[in-house]
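Here are some notes for a colleague who is opening this structure for the first time. They cover burial, charged pairs and helix packing.

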Amino acid sequence: MIQWIVHLPLWQIIRSLGIVSYVLLAAGICLGILYSFPVWQGRTKAQLFKLHTFFTVAGTGIGLLHGMVTVIDTYMPFSWSEVLIPFAAKHDPVLTGLGTLAGYGLLVLIFTSDIRHKLKKPLWYAIHLLSYPILAISFIHGYFEGTDTASLGIRWMYVLSMGAVVLLTILRAMMRSEGGGGLAARQAGR
């Protein structure tokens, strides 16, 4: 069984898991921002929340698998300490460490969301805002450590995903600055 596993195209699997994880996390944060828009009500808002949760949890799980598979890779194996201890890797310790920190940060976000009802709202919200720097360090890890970034399509995926997060964040901030109602209040007034 072990021989079968180590003969898999592990490097390609590691790269693919990293890309899929990042795409799911970027989609998850975009859906989380969209969920906070005051225009959504009822079923639509509930669906956005479900999708936000699904994409974030799936992206986290796949990202953790991405890190774990590096331990069995025969081309460039990592030790468990290199995977689990930030900045302990022999190969690109800073970029690899950022990936480890992103993994831990995502676990904190998921855990605190699961116990949200036990936390004071401002504390939970402050922790949840860490999703922005976590996505940013995931971006840095993937863009600069990932061997697929040489591909134009992968570079565009990274740039467009971050652009979407920035654009949605700006739109949400504009709605908040208009008194919370923003677009919903304007649409109701038409």
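1. A residue counts as exposed when its relative accessible area is over 50%, and as buried when that area is under 20%. By this cut-off Lys90, at 74% relative accessibility, is exposed. Please keep in mind that the model is predicted.

2. Lys90 forms a salt bridge with Glu82 through their side chains, at 3.9 Å from N to O. Glu82 has a relative accessible area of 6% and is therefore buried.

3. How many salt bridges does a search of the whole structure find? The search finds two. Besides the pair of Lys90 and Glu82, the side chains of Asp148 and Arg15 meet at 3.0 Å, N to O. Asp148 sits in the loop between helix 7 and helix 8, and Arg15 belongs to helix 2 (residues 10-35), so this salt bridge ties together parts that are 133 residues apart in sequence. Asp148 counts as buried at 19% relative accessibility, while Arg15, at 25%, counts as partly exposed.

4. The helices on either side of that loop also pack together. Helix 7 spans residues 131-145 and helix 8 residues 152-177; their axes are 11 Å apart and make an angle of about 165 degrees. Angles over 145 degrees count as roughly antiparallel, and helix 7 and helix 8 are therefore roughly antiparallel to each other. Their crossing is left-handed.

5. Which residues make this contact? On the helix 7 side they include Leu135, Phe139 and Tyr143, and on the helix 8 side Tyr158, Met162 and Val165 are among them. By class, the contact has nine nonpolar, two polar and one charged residues.

Definitions and conventions: Residues are numbered from 1 along each chain as its sequence is written. This is a predicted model: local features need pLDDT of at least 70, side-chain atom pairs count only at pLDDT 80 or more; totals for chains, interfaces and linings use all residues. Side-chain values use heavy atoms; hydrogens and water are left out. Axes are lines fitted to C-alpha atoms, for helices over the stretch in contact, and angles run from 0 to 180 degrees between N-to-C directions. Helices (H or I, at least four residues) and strands (E, at least two) are DSSP runs, numbered from the N terminus. Angles under 35 degrees count as roughly parallel, over 145 as roughly antiparallel, 65 to 115 as roughly perpendicular and the rest as oblique. A crossing is left-handed if the near helix is turned anticlockwise from the far one by less than a right angle, and right-handed if clockwise. Contact means heavy atoms within 4.5 Å. Ala, Val, Leu, Ile, Met, Phe, Trp, Tyr, Cys and Pro count as nonpolar, Asp, Glu, Lys and Arg as charged, and the others, Gly among them, as polar. A salt bridge is a side-chain nitrogen of Lys or Arg within 4 Å of a carboxyl oxygen of Asp or Glu. Buried means under 20% relative accessible area, exposed over 50%, partly exposed in between (1.4 Å probe, protein chains only).
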